[in-house]
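Reader: I would like to go through this structure with you, topic by topic. Could you show it first?

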Amino acid sequence: MTPPATAAEKVTSSTATAAGRSGTPKARAPEAKQARAEALLQAAEAALVDASYHDITMLQIAKRAGLAKGTVYLYYPSKEALFLAVLMHKLDACFDAIDEGLKGDRQSADHIATVLTGALLGPHALLSLLSLLFSQLEPGAGMDALVDFKRKLTARISDIGSTIERSGGLKEGEGATLITRACALAIGLQQFASPPPDVIAELAIRAPELKKQPMNVEAELTSTLSDIIKARMSA
């Protein structure tokens, strides 16, 4: 016969059994949570390809991510908080592109301007979300999401500003100022060059003589940034 287990052996066995039942789920919980958050971000980005921010609902995003609508709010308390995270993700892609494009020794003003322009115009819907930042995303995101966003953005602007300063031989602080101005310029130029389609159609009927050649946002932004950088280089 097998001798009866001692009290110590019973405790050890009970602990091992409990670990077997609950240890794996606990270990996987953070991974599952992160996976759901990423799925929601990807779903929100995909939704922006098909519709504007204003036309997208949290229910649509939940369906795209294969989750219940209520689950979305466990990770993002509001639509604004979710799209603030989407904006940060797009800004990260923008800043990564600048870092990659400005590697190496001292760069010309034209090259720096070209890199900044390409980075700002590259990520889909980056400028449209930036245009909503102060009027809608920040006010509705909630303080926790807002503080997290601003901390990340401040750190990244500081880093990318230093990269621009090194590449252009600019003074400390001028790089961060330049990328901030570049964002504002890009938003303004894109909005100026993209009036509502229904307005364009109506003007074409009622006042065809007012039709103008479409603005080349990329060329205009590159040229303007190049002039600004050259002025700072010679200051």
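Author: What follows is a short exchange on cysteines, pockets and aromatic contacts in this predicted model.

Reader: How many disulfides does a search of the whole structure find?

Author: The search finds zero disulfides.

Reader: Why is Cys94 not bonded to Cys183?

Author: The closest cysteine sulfur to that of Cys94 belongs to Cys183 and is 6.1 Å away, which is too far for a bond. A disulfide requires the two sulfur atoms to lie within 2.5 Å. Cys183 is likewise in no disulfide, its nearest cysteine sulfur being that of Cys94.

Reader: And is Cys94 buried or exposed?

Author: Cys94 counts as buried, because its relative accessibility is 0%. Cys183 is buried as well, with a relative accessible area of 13%.

Reader: Let us turn to the pockets. How much space lies in the largest pocket?

Author: The largest pocket holds about 490 Å³ of space. It is lined by 14 residues, and those closest to its centre are Pro195, Ile200, Leu210, Lys212 and Gln213.

Reader: Which helices supply at least two residues of that lining?

Author: Helix H9 (174–193) and helix H10 (197–206) each do so. H10 gives the most to the lining, with four residues.

Reader: What is the make-up of the lining of the largest pocket by class?

Author: Eleven of its residues are nonpolar, one is polar and two are charged.

Reader: What about the second largest pocket, and which residues lie nearest its centre?

Author: The second largest pocket has about 370 Å³ of space. Its lining consists of 18 residues, with Leu41, Tyr76, Ala85, Asp148 and Lys152 nearest the centre. Two or more lining residues come from each of helix H1 (7–50), helix H4 (79–101) and helix H8 (143–168). H4 provides the largest share, six residues. By class, the lining of this second largest pocket has eleven nonpolar, two polar and five charged residues.

Reader: A change of topic: how many aromatic pairs are there?

Author: The count comes to one aromatic pair. Tyr53 and Phe83 form it in an edge-to-face arrangement, at 5.1 Å centre to centre and with 90° between the planes.

Reader: Where in the chain are Tyr53 and Phe83?

Author: Tyr53 is in the loop between H1 and helix H2 (58–65), whereas Phe83 is in helix H4. The pair links distant parts of the chain, 30 residues apart. Both Tyr53 and Phe83 are buried.

Reader: What sits over the ring of Tyr53?

Author: The charged end of Lys79 sits over that ring, 4.2 Å from the centre of the ring.

Key
Residues are numbered from 1 along each chain as its sequence is written. This is a predicted model: local features need pLDDT of at least 70, side-chain atom pairs count only at pLDDT 80 or more; totals for chains, interfaces and linings use all residues. Side-chain values use heavy atoms; hydrogens and water are left out. Buried means under 20% relative accessible area, exposed over 50%, partly exposed in between (1.4 Å probe, protein chains only). On a 1 Å grid over the protein atoms alone, a cavity is a set of points where a 1.4 Å probe fits but cannot get out, and a pocket is an open set with protein on both sides within 12 Å along at least five of seven lines; lining residues have an atom within 4 Å of a point. Grid points are joined across faces, edges and corners, and a volume is the space filled by probe spheres set on the points. Ala, Val, Leu, Ile, Met, Phe, Trp, Tyr, Cys and Pro count as nonpolar, Asp, Glu, Lys and Arg as charged, and the others, Gly among them, as polar. Rings of Phe, Tyr and Trp (its six-membered ring) pair if their centres lie within 6.5 Å; planes under 30 degrees apart count as stacked, over 60 as edge-to-face and the rest as tilted. A charge sits over a ring if NZ of Lys or CZ of Arg is within 6 Å of the ring centre and within 35 degrees of the ring normal.
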